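Let's take a look around a protein model together. Have the sequence and the 3D view ready.

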Amino acid sequence: MVSLQRPRAFSHIVGFDDGPFPRGHRGEVPVVGAVYSGLRLEGVLTGRVQRDGSDGTGELVRLVRDSKFAAHLQLVLLQGIALAGFNVIDVPRLAAELGLPVLVVARRAPRREAMRDALLNHIAEGEGKWASIEALGPMEPLGGVHVQRWGLDREEAAEVLRATAVNGAIPEPLRAAHLIAGALATGESRGRT
């Protein structure tokens, strides 16, 4: 049976990314949320999370919930499932606490075995972090990137990518968050978005 129902449109989106940090850095790392209404940047949220820590999910919840944008947001985008190295985001918890769907986007699929090995053998609380990653399942190719979805279907995710990835394969909220986070961390934005 063919569905005649159109996918939900997500016009108010926040995209989160972290700033770069030196390999040996062990402190906090800046995190930026770029808030968009359609293709217009409406605002910026900034916070900090611990390198390889476990405070990322709570910090993203706080940033959204305490912002003036909270009532209008319809979707959270993440540039990968972890911030600041292996500060893994608990996507189901993030979605539940904010009452919003979450779309994780990556330019390419992660090397899951290498990730598993690093978490289980080198990162504090690695077993719980790996369990959070496993709960989402593998990333799926979609629209020139790889995604994991929570609270939205494949067609809705594809429409988000079509509507927001206008300057390449990465959605504008994530591209802007990446550029701003880079500038906060180093004084200027750099690198591929």
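Which residue caps the N-terminal end of α5? That's Asp-153: one of its side-chain oxygens sits 3.1 Å from the backbone nitrogen of Glu-155.

## Before we go on

This is a predicted model, where local features need pLDDT of at least 70, side-chain atom pairs count only at pLDDT 80 or more, and totals for chains, interfaces and linings use all residues. Residues are numbered from 1 along each chain as its sequence is written, and side-chain values use heavy atoms, with hydrogens and water left out.

## Helix α5

Helix α5 covers residues 154–164 (helices are DSSP runs of H or I, at least four residues; strands are runs of E, at least two; both are numbered from the N terminus). Its buried residues (under 20% relative accessible area, 1.4 Å probe, protein chains only) include Glu-156, Val-160 and Thr-164. The buried residues of α5 pack against β1, β4 (75–79), β7, β8 (140–142), β9 (145–150) and α6.

## Ser-37

Over in strand β2 (residues 28–37) you'll find Ser-37. Ser-37 counts as buried because its relative accessibility is 17%. Leaving out residues up to four places away in sequence, Ser-37 touches Ser-11, His-12 and Glu-42 (contact means heavy atoms within 4.5 Å).

The side chains of Ser-37 and His-12 also share a polar contact of 3.4 Å (a pair of N or O atoms within 3.5 Å; within protein, one must be able to donate a hydrogen and the other to accept it, and residues adjacent in sequence count only if both atoms are side-chain atoms).

Technical notes: Buried < 20%, exposed > 50% of the residue type's maximum accessible area, 1.4 Å probe, protein only.
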